[in-house]
Amino acid sequence: MGADTAATTAASGTERLAALGTEPVDHRFKGLPPDAAGLTVDELAAQRRNLFTGGFTTPVLALSAERLRHNLELMETYAARHGLAFAPHGKTSMAPQLFQRQIEHGAWGITLAVPHQVRVAREFGIQRIFLANELVDSAALRWIASELAADPSFRFICYVDSVRGVELMDAALRGAARPLDVVVELAAGEGARTGVRTEAECAAVADAVAATPTLRLAGVAGYEGEVPQADPERVHAWLRRLTALAGDFDKAGRFAESGVDEIVVSAGGSAWFDAVADVFAEIPELSLPVLKLLRSGAYVSHDDGHYRKLTPFTRVPEEGALQPAFRLWAQILSRPSPEQAFANAGKRDAAYDLDLPMAQVVHRDGAEHAATGVTVTGLSDQHTWLATTPEADLRLGDWIGLGLSHPCTSFDKWQLIPLVEADGTVVDYVRTFF
């Protein structure tokens with residue numbers, strides 16, 4: 001029965017992924033060719049239009065097919081090399097097509113943050129979900145309980161970080177067919193984000209879980225990216241607290257009592273996964289197998305700003321290098337003076353919460369040259385402010401390619417993103433659900 005249900009879920013997920021290609025290309029999707037109206041996404045993809053000559057309008061966000069594939073392969077090999085299971089954070093892209101490609105590249109499952117994201121993942125057949133938040137919404141808990149009851153192969157794990165949270169979860173889940181697996185979240189330090197502040201409080205939360213029939217203690221977790229004044233020493237020290245907590249719970253018999261068949265130890269954003277690999281490699285043998293679960297998500301597109309500076313691959317270059325896969329194309333629509341120009345992309349189109357976009361290349365008449373002497377100085381809702389020096393070769397009507405900082409706030413501004421090969425051929429379209 002369980003295998004049949006899982007197969008049905010997987011089949012329906014595959015069907016829904018395929019159905020994305022049957023959506024009509026219409027006004028909902030920015031940047032797509034106006035003359036493609038009436039085509040489906042699959043029909044437009046089959047035409048293999050060129051991004052620059054195929055009728056696309058600006059602004060338009062392009063995702064590099066080659067760089068996306070490189071990033072997927074690199075993190076797959078990195079996780080395998082270090083003995084890590086990988087549940088990349090799906091909040092980055094909210095793109096079920098990319099979830100599927102991540103799973104095809106060895107991911108254990110998908111990490112998510114809020115109930116809506118879980119619903120999207122389940123709609124597209126994701127069978128293992130790690131929710132990196134405590135869940136106290138009673139309606140969402142009841143829905144997840146119904147998913148667990150209907151599909152014995154569905155694995156769902158979420159945080160708990162308080163006794164009160166345990167009480168709320170237990171009240172919502174009374175009568176559920178299966179207990180909900182939870183991991184105690186250890187806070188990254190005083191003043192950090194969520195999580196239990198001390199090991200003694202962690203034990204109290206674990207005791208509260210053990211006293212309920214609706215929850216099952218599965219492990220421990222946290223987010224090292226919130227360590228105050230994070231540096232390698234502080235991050236390693238906190239990660240050792242996390243792994244020691246797992247060891248202490250195990251010695252106390254907590255996992256044997258809960259009836260799990262493995263112990264989950266999870267951490268790992270996109271800035272310190274090398275530290276996670278280091279410390280998780282030190283976990284001693286416990287009474288059960290340990291699922292060492294890494295959750296980095298921004299790698300899938302990487303970026304030209306924030307994560308380019310923070311990626312652990314700068315510290316361990318022998319492991320490889322991620323490649324920025326996004327480029328936002330805008331058009332120069334005003335050149336009011338030799339020192340200033342304006343392009344037609346703005347805050348509605350580009351990430352700007354961490355860094356401004358970066359002018360990279362200028363495309364004109366089928367050729368590209370470096371955007372020398374061009375600097376982004378600001379964004380309005382629909383304009384990019386550009387400062388230009390005398391060496392800037394920038395004309396009205398040029399397309400300018402902008403590098404972006406912060407993948408999460410790049411994906412969320414686009415519902416359908418062209419997947420583009422290096423020669424400009426658009427080979428597919430990635431649908432997002434924010």
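Biologist: Which residues in α6 meet α7 in this structure, and what makes that a contact?

Modeller: In this predicted model, Ser138, Leu141, Arg142 and Ala145 in α6 meet Met169, Ala172 and Leu173 in α7. The cut-off is heavy atoms within 4.5 Å, so these residues count as in contact. By class, five of the residues are nonpolar, one is polar and one is charged.

Biologist: Why is Ser138 classed as polar and Arg142 as charged?

Modeller: Arg is listed with Asp, Glu and Lys as charged, whereas Ser is in neither the nonpolar nor the charged list and therefore falls among the polar ones.

Biologist: Why are α6 and α7 called oblique to each other?

Modeller: Helix α6 (residues 138-150) and helix α7 (residues 163-173) pack at about 55°, with their axes 9 Å apart. Roughly parallel needs an angle under 35 degrees, and roughly perpendicular starts at 65. An angle of about 55° is in neither range, so the pair is oblique. The crossing of α6 and α7 is right-handed.

Biologist: What makes α8 oblique to α9?

Modeller: Helix α8 (residues 199-210) and helix α9 (residues 232-251) pack at about 45°, and their axes are 11 Å apart. That angle is over the limit of 35 degrees for roughly parallel and under the 65 degrees where roughly perpendicular begins, so α8 is oblique to α9. Their crossing is right-handed. On the α8 side the contact holds Glu199, Cys202, Ala203 and Ala206, and on the α9 side Arg241, Leu245 and Phe249. Five of these residues are nonpolar, none is polar and two are charged.

Biologist: Why are β2 and β3 called edge strands?

Modeller: The open sheet has eight strands in the order β2-β9-β8-β7-β6-β5-β4-β3, with parallel pairing. Strands β2 (85-86) and β3 (110-112) each pair on one side only.

Biologist: How do you know that β6 and β7 are paired?

Modeller: Pairing needs at least two bridges. Six bridges join β6 (residues 180-185) to β7 (residues 215-221), and the strands run parallel, so they count as paired. Valine 184 is opposite valine 220 in β7. Helix α9 packs on this sheet, touching β6, β7 and β8 (263-267), and its direction makes about 165° with that of β8. That angle is over 145, so α9 is roughly antiparallel to β8.

Biologist: What makes β12 and β13 a pair, and in which sense?

Modeller: Strands β12 (residues 358-364) and β13 (residues 367-370) share four bridges in the antiparallel sense, against a minimum of two, so they qualify. Histidine 363 has glutamate 368 in β13 as its bridge partner. The hairpin has two residues between the strands, and aspartate 365 takes a positive phi near 55° there.

Biologist: Where is leucine 39, and which residues does it contact?

Modeller: Leucine 39 is in the loop between α1 (2-19) and α2 (41-46). Beyond its neighbours within four places in sequence, leucine 39 is in contact with Glu23, Pro24, Val25, Leu44, Gln47 and Arg49.

Biologist: Why is the protein chain called as compact as a globular protein of its length?

Modeller: The chain has 13 helices and 18 strands. Its radius of gyration is 23 Å, close to the 22 Å from the globule rule for 434 residues, so the description holds. The C-alpha trace spans about 70 × 50 × 35 Å along its principal axes.

Technical notes: Residues are numbered from 1 along each chain as its sequence is written. This is a predicted model: local features need pLDDT of at least 70, side-chain atom pairs count only at pLDDT 80 or more; totals for chains, interfaces and linings use all residues. Side-chain values use heavy atoms; hydrogens and water are left out. Axes are lines fitted to C-alpha atoms, for helices over the stretch in contact, and angles run from 0 to 180 degrees between N-to-C directions. Angles under 35 degrees count as roughly parallel, over 145 as roughly antiparallel, 65 to 115 as roughly perpendicular and the rest as oblique. A crossing is left-handed if the near helix is turned anticlockwise from the far one by less than a right angle, and right-handed if clockwise. The radius of gyration is taken over C-alpha atoms; the globule rule is 2.2 Å times the number of residues to the power 0.38.
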